[in-house]
Amino acid sequence: MSENIQILTDETFPDALSASEVPILVDFWAPWCNPCRALAPILGELAIEMTDRLSFAKLNVDENQDAPTKFKVRSIPCLIVFRQGEEIGRIVGNKGKQALLAELDKIITS
């Protein structure tokens with residue numbers, strides 16, 4: 001896992017959202033989820049490439065259920081982008097790097 005991706009828990013989730021100076025992408029995932037595992041290296045690359053525009057974090061939905069419940073995460077992988085603690089965009093499912101980058105650009109520039 002990339003050192004540029006913060007690991008969140010239900011306890012650290014609220015502080016991470018408020019502390020981020022740039023929008024933060026939270027990857028809601030689980031270890032048994034094959035699409036989640038396939039997406040992980042892509043997120044690792046983007047966390048390095050987009051470090052000045054977007055912060056990256058992961059939250060394991062099996063170990064932490066409060067945040068996924070609060071944000072109505074029904075399918076994983078689910079990527080939610082937050083700005084100043086508010087959801088500004090959501091991407092559900094696995095995507096290729098270029099498709100994901102294009103969607104993230106739309107979200108963070110709107």
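**Cysteines and nonpolar cores in a predicted model**

Reader: Which residues form a disulfide, and how far apart are their sulfur atoms?

Author: A disulfide is a pair of cysteine sulfur atoms within 2.5 Å. Cys33 and Cys36 form one, with their sulfur atoms at a distance of 2.5 Å. This is a predicted model, in which local features need pLDDT of at least 70 and side-chain atom pairs count only at pLDDT 80 or more, while totals for chains, interfaces and linings use all residues. Residues are numbered from 1 along each chain as its sequence is written, and side-chain values use heavy atoms, with hydrogens and water left out. The pair asked for is Cys33 and Cys36, at 2.5 Å.

Reader: What is the handedness of the link of Cys33 and Cys36?

Author: The angle about the S-S bond is 75°. With that value, the link of Cys33 and Cys36 is right-handed.

Reader: Is Cys78 buried or exposed?

Author: Buried means under 20% relative accessible area, exposed over 50%, and partly exposed in between, with a 1.4 Å probe and protein chains only. Because its relative accessibility is 1%, Cys78 counts as buried.

Reader: Which element gives the most residues to the largest nonpolar core?

Author: A nonpolar core is a set of buried Ala, Val, Leu, Ile, Met, Phe, Trp, Tyr and Cys residues joined through side-chain atoms within 4.5 Å. The largest has 20 residues, of which Phe13, Val26, Phe28 and Phe82 touch the most other members. Helix H1 (13-19) and strands E2 (24-29), E3 (55-60) and E4 (78-83) each give two or more residues to this core, helices (H or I, at least four residues) and strands (E, at least two) being DSSP runs numbered from the N terminus. With 4 residues, the element that gives the most is E2.
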